[in-house]
Amino acid sequence: MGKKSKRSHDDPELEMEESELTGRIDGDLKKKKKKKKRSHDDPEQKVSRDGEAKKKSKEEEEEEKPSVEEKKNEERPTVTIAIAGSIINNTQSLELATRLAGQIARASTIFRIDEIVVFDNKSSSEINNSSVTNPSDSNESGAPFLVRILKYLETPQYLRKTLFPKHNDLRFVGMLPPLDAPHHLRKHEWEQYREGVTLREKAPNSEGTLVDVGLDKSVVVDQGLSPGVRVTVAMGTNRDLDLVRQIVPPSKPREEAGMYWGYKVRYASHLSSVFKECTFEGGYDYLIGTSEHGLKISSSELKIPTFR
């Protein structure tokens, strides 16, 4: 059998096949480039893409916008703690009792507690027989003392002299550190809301009421109120103190601006009164009870559902 002769590199037929192959490849590449360029420069395709993108962005924005009900559900729920007044009865002096009340007030402010309920869990016989029930008055239980100190500490400093007359329970409050709550504002600080107290002096050229809000000058509100009443005043952003201001509910800074605006203090004569006399509409919808005789669980085991 004869061997097939190998084509040399100089074979004219092989050169023709290679030239045709390179020509086809170059042509295909040029066609693809033209197609790509046309697709980028085609105005109709660009308009359709922009329209689809706008539709998608609008749909995404509508999906991202929460409904009114969702916004209400996203609002921060109120948190109430109930404390037995007998916690004060274990202290050995008025100074230690004051320090303990100050620690409760400080912790409540840090954890944004909205309401503190102090319930009286001592019988009348225990009150009369105890000499350390309340270091300032042996005829009182620890609950009224705790209520008074908590209210005093929650009040902004510039309102305390007006709202709290001298009392033996308040003898050692000066040694307590300030709470520095958001509504405890200084003179140089401006916020859209301020706590104030109504004054006896009448507002000049107005039927409103003068209110001391802790600034260099008292402001006028558009309501006629009796003196010595604590109010929440909407100050806005205009720092002109001659403008007439409005009184708003104390809950508005939390509901409208999401600000923590201190805690309210409520006295309950019995443990059952904590729930029966609830000031929130519909009552408390989720309860957690603690006891020294209860089960010990870790925070990871405690699953708290959504509550109001």
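# Notebook: cores, pockets and charged pairs

**Tyr263 and the core around it**

I started at Tyr263 and looked up its contacts beyond four places in sequence: Ala105, Ser108, Thr109, Ile113, Asp114, Glu115, Ile116, Leu150, Leu153, Glu154 and Leu179. A reminder to myself before going on: this is a predicted model.

Next I asked which residues of the largest nonpolar core touch the most other members. That core has 26 residues, and the best-connected ones are Ile116, Val118, Leu146, Ile149, Leu150, Leu153 and Tyr263. Helices α4 and α6 and strand β2 each give two or more residues to this core. The top contributor is α6, with eight residues. Apart from this core I found another one of eleven residues, including Val213, Leu215, Val233 and Leu241. Background I keep in mind here: nonpolar side chains tend to be buried together in soluble globular proteins.

**Pockets**

I then went through the pockets. The largest one comes out at about 1300 Å³. It is lined by 36 residues, and I noted Val79, Thr80, Ile81, Tyr284 and Tyr286 as the closest to its centre. Four elements give two or more residues to that lining: α3 (68-74), β1 (80-84), α8 (252-257) and α9 (271-276). Which of them gives the most? It is β1, with five residues. Sorting the lining of the largest pocket by class gave me 19 nonpolar, eight polar and nine charged residues.

The second largest pocket has a volume of about 330 Å³. I listed 15 lining residues for it, with Asp114, Pro250, Ser251, Lys264 and Phe280 nearest its centre. Asp114 is also on my list of Tyr263 contacts. Strand β8 (residues 264-268) gives the most to this second lining, with three residues. By class, the second lining splits into six nonpolar, four polar and five charged residues.

**Salt bridges**

Oppositely charged side chains can pair when their charged atoms come close, so I checked for that. The count for this model is eleven salt bridges. I looked at a few of them one by one.

Asp169 pairs with Arg148, with the closest N and O atoms 2.2 Å apart. This pair links distant parts of the chain: Asp169 is in the loop between α7 and β3 (193-202), while Arg148 is in helix α6, 21 residues apart. Are the two partners buried or partly exposed? Asp169 counts as buried because its relative accessibility is 0%, under the 20% cut-off. Arg148, at 22%, counts as partly exposed.

Arg99 and Glu95 also form a salt bridge, and here the closest N and O atoms are 3.6 Å apart. Both residues sit in helix α4 (residues 94-110), four residues apart, which is about one turn of the helix. Arg99 is partly exposed at 38% relative accessible area, and Glu95 is partly exposed at 31%.

Glu255 meets Arg254 in a salt bridge at 3.9 Å, N to O. Glu255 is partly exposed, with a relative accessible area of 42%. Following shared partners, I got one network made of Arg76, Asp114, Arg254 and Glu255. So Asp114 turns up once more, having been listed among the residues nearest the centre of the second largest pocket.

**Pro156**

I wanted to know where Pro156 lies. It is in the loop between α6 (142-154) and α7 (160-163). Pro156 is buried, with a relative accessible area of 0%. Leaving out residues up to four places away in sequence, I found that Pro156 touches His183, His184, Glu195 and Arg230. I also checked Pro156 against Gly214: the two are 58 residues apart in sequence, and their C-alpha atoms are 8.8 Å apart in space.

**Positive phi outside glycine**

Last, the backbone. Arg112 is not a glycine but has a positive phi, near 55°. Arg112 is in the loop between α4 and β2 (115-119) and is partly exposed at 32% relative accessibility. Asp180 is another non-glycine with a positive phi, of about 55°. I placed Asp180 in the loop between α7 and β3. Its relative accessible area is 45%, so Asp180 is partly exposed.

Methods. Residues are numbered from 1 along each chain as its sequence is written. This is a predicted model: local features need pLDDT of at least 70, side-chain atom pairs count only at pLDDT 80 or more; totals for chains, interfaces and linings use all residues. Side-chain values use heavy atoms; hydrogens and water are left out. On a 1 Å grid over the protein atoms alone, a cavity is a set of points where a 1.4 Å probe fits but cannot get out, and a pocket is an open set with protein on both sides within 12 Å along at least five of seven lines; lining residues have an atom within 4 Å of a point. Grid points are joined across faces, edges and corners, and a volume is the space filled by probe spheres set on the points. Ala, Val, Leu, Ile, Met, Phe, Trp, Tyr, Cys and Pro count as nonpolar, Asp, Glu, Lys and Arg as charged, and the others, Gly among them, as polar. Buried means under 20% relative accessible area, exposed over 50%, partly exposed in between (1.4 Å probe, protein chains only). Contact means heavy atoms within 4.5 Å. A salt bridge is a side-chain nitrogen of Lys or Arg within 4 Å of a carboxyl oxygen of Asp or Glu. A nonpolar core is a set of buried Ala, Val, Leu, Ile, Met, Phe, Trp, Tyr and Cys residues joined through side-chain atoms within 4.5 Å.
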